[in-house]
Amino acid sequence: MCRKINNLMLFIFILIQFISCKSTTDCPEEGFCIENKKLFYNQEPIALGMSIEKFVDIAGKYDRKVENSLEGHKTTYYYWLKHKLHVAISDSLIVVNNLEVDNVSGEYYGHTPSNQPEYPAYKSLEEIIKKYGKYDSIRIEEVPTNVRTFYVWDKLGISMAESNGVISTINLYPLHILKTMDLNLETGSTYFDGFQNAKVTQEILDTRKNDKAIFDRMPKQEFKGKFTYDGNTVDFGKIGNTDWDKVVSGLKISGSDFDPAGDSQNWSREIREGYDLYTTIDRYSNAQESGKLSAKKTGKIDAVGSISIWWHGKNDEK
């Protein structure tokens, strides 16, 4: 009999401990929540810097893993001091300017005043040397290839960037990317410019490659979950395409404490809870758009385009 009582008491003790652990937050049962300078998802504590596997344990398996590779490049700068000539060569591109010297750092840079005629289009370094003689010095600037990894939950409208094996940025997209960006996702060897068919230029190919990389790392569906800040919750499942003001008032982030740096107060709100917990809520409006993004084509939009939760200084992974 005593053993049964002891077992019952042990069960009750474990149950109380479990309930108390689950009640450490006043966040809603579902969605992202910032409370007491901490971040939660579905009432579970999460943080930038945690492994993607830990978030998977809470939210479920991601739908896609996307790797974007930004190709590196090398630029070589040539300096002619006597002729005050500055030449930058990257791949097949040659840019010629006047040679200027920074008054503070003493570094060379290129600049040609608008009232001065442009230099001719040189086809090679040898052609420039033939005219001006041997350069006095050179500087080589190399940018390495940058591979970025994103994990995408299509049905949840969430994309996360991984850096050095941990989550560095969490992105929520209440608006689908094709509502906010005019991406060139065409394929093939020709394009139609409105007048005639023409061969695709290298510039167009580069644009297509970049736009496809952006599209691939975006969720296929919009974020329709809840977002809570300091006890104030907005349910994006009930937010329309013209409800920017409703989101700002609902989260109570209209004051100057939430103004972003610079002069973009009307276009974003920023929640700063610490160096490792910044949240930017970006506004998107198509009032001034034309073409595929115009209000005539898509209907009027004035809403939250994206929400980014990021480390200060690492907001380049959207």
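Two strands count as paired if DSSP finds at least two bridges between them. Keep that in mind as you work through this predicted model.

**Exercise 1. Work out how strand 11 sits between its neighbours.**

Step 1: Start with the pairing to strand 12 (residues 166-172). How many bridges join strand 11 to strand 12? There are six, and the two strands run antiparallel. That clears the cut-off of at least two bridges. For one bridge you can find yourself, take Ser159, whose partner in strand 12 is Asn171.

Step 2: Now go to the other partner, strand 10 (residues 146-153). Here five bridges do the joining, and again the strands are antiparallel. Look for Tyr151, which stands opposite Met160 of strand 11.

Step 3: Check the turns. Strands 10 and 11 make a hairpin with four residues between them, and Gly157 in that turn has a positive phi of about 75°. The hairpin of strands 11 and 12 has two residues between the strands, and there Asn164 takes a positive phi near 55°.

Step 4: Is strand 11 largely enclosed or largely open? Use the cut-off for buried, under 20% relative accessible area. Five of the six residues of strand 11 (residues 158-163) are buried, so the rest of the structure largely encloses this strand.

**Exercise 2. Find the buried face of helix 2 and say what it packs against.**

Step 1: List the buried residues of helix 2 (residues 52-59). They are Ile52, Phe55 and Val56.

Step 2: Why do these residues line one face? Look down the axis of helix 2: its buried residues fall within an arc of 105°, so they share one face of the helix. Here's the general idea: an α-helix has 3.6 residues a turn, so residues three or four places apart point the same way.

Step 3: Turn to the other side of helix 2, where Lys54 and Asp57 are exposed.

Step 4: See what the buried residues of helix 2 pack against. Their partners are strand 1 (32-35), strand 2 (38-41), strand 3 (44-46), strand 10, strand 11 and strand 12. Just past the helix, Gly60 has a positive phi of about 95°.

**Exercise 3. Trace the largest nonpolar core, using Phe32 as your way in.**

Step 1: Which residues touch the most other members of this core? Out of its 37 residues, they are Phe32, Trp153, Ile170, Phe227 and Phe236. Helix 6 (residues 244-251) gives the largest share of this core, four residues.

Step 2: Follow the contacts of Phe32. Leaving out residues up to four places away in sequence, its contacts include Phe55, Ile158 and Ile170.

Step 3: Look for a second, separate core. It has eleven residues, among them Ile89, Ile94, Leu125 and Ile128.

Technical notes. Residues numbered from 1 in each chain as written. Predicted model: local features only at pLDDT ≥ 70, side-chain atom pairs only at ≥ 80, totals over all residues. Heavy atoms only, no water. Buried < 20%, exposed > 50% of the residue type's maximum accessible area, 1.4 Å probe, protein only. Arc of directions from axis to C-beta. Contact = heavy atoms within 4.5 Å. Core = buried A, V, L, I, M, F, W, Y, C linked by side-chain atoms within 4.5 Å.
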